[in-house]
Amino acid sequence: QVQLVESGGGLVQAGGSLRLSCAASGSIFRINYMGWYRQAPGKQRERVASITGDGTNYADSVKGRFTISRDNAKSTVYLQMNSLKPEDSAVYYCAFNVLTRQSNWGVDYWGQGTQVTVSS
């Protein structure tokens, strides 16, 4: 019912920047939550940043370097990543909690993931 498509990953040198995008499509009535997560090899998936109507939230490891933003008209969330470090290398996933026109409660949807590699 809802699809998330990510873009913007790639290879960058330490200190560089990347901008990730995640666009939702489908039968969307309201997006309750948008978030970015990442998973490095051998590690658990961790929340990087999230945005709701109440504001934004960041993992301590990215505060001051990453910025999450949203375009409600486009059902899109962005993650601007600056001052990237090798330890930021991971597969990044977006996640939305969406209330559709066919459901009475929000459902979680995930993007397919995009690789971010930061070289030292």
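This is a short tour of a predicted model, with a selection to make at each stop.

**Stop 1: the open sheet**

Begin by selecting strands 1, 3, 7 and 8. These 4 strands form an open sheet with antiparallel pairing, in the order 1-3-8-7. At its edges you will find strand 1 (2–7) and strand 7 (66–71), each of which pairs on one side only. Neighbouring strands here are turned by 15° against each other on average, direction ignored.

Now keep strand 1 and strand 3 (residues 18–26) in view. They pair in the antiparallel sense over 6 bridges. To see one such pair, pick Val 5 and look across to Ala 23, its bridge partner in strand 3. As a reminder while you look, strands of a sheet pair through backbone hydrogen bonds.

**Stop 2: strands 4, 5 and 6**

Next, select strand 4 (28–39) and strand 5 (46–52). The two run antiparallel and are joined by 5 bridges; Met 34 has Ile 51 in strand 5 as its bridge partner. Their hairpin has 6 residues between the strands, and Gly 42 there takes a positive phi near 80°.

Which residue should you click in the loop between strand 4 and strand 5? Try Lys 43, which lies in that loop. Lys 43 counts as exposed because its relative accessible area is 57%, and the cut-off for exposed is over 50%. For a sense of distance, draw a line from the C-alpha of Lys 43 to that of Ile 68: they are 25 residues apart in sequence and 23 Å apart in space.

Carry on along the chain to strand 6 (residues 55–58), which runs antiparallel to strand 5 and is joined to it by 4 bridges. This second hairpin, of strand 5 and strand 6, has 2 residues between its strands. Select Ala 49 and you will see Tyr 58 of strand 6 opposite.

**Stop 3: the nonpolar core**

Finally, show side chains for Trp 36, Leu 79, Met 81, Tyr 92 and Phe 96. These have the most contacts inside the largest nonpolar core, which has 32 residues. Among the elements that give two or more residues to this core are strand 1, strand 4, strand 8 (76–81) and strand 11 (114–119). Strand 9 gives the largest share, 5 residues.

End on Tyr 92 and display what surrounds it. Tyr 92 touches Trp 36, Leu 79 and Met 81, and its other contacts include Glu 6, Leu 20, Arg 38, Val 48, Phe 66 and Val 116.

Terms used: Residues numbered from 1 in each chain as written. Predicted model: local features only at pLDDT ≥ 70, side-chain atom pairs only at ≥ 80, totals over all residues. Heavy atoms only, no water. Buried < 20%, exposed > 50% of the residue type's maximum accessible area, 1.4 Å probe, protein only. Pairing = 2+ DSSP bridges. Axes fitted to C-alpha atoms, helices over the stretch in contact; angles between N-to-C directions. Core = buried A, V, L, I, M, F, W, Y, C linked by side-chain atoms within 4.5 Å. Contact = heavy atoms within 4.5 Å. Lists of a residue's contacts leave out its neighbours within four places in sequence.
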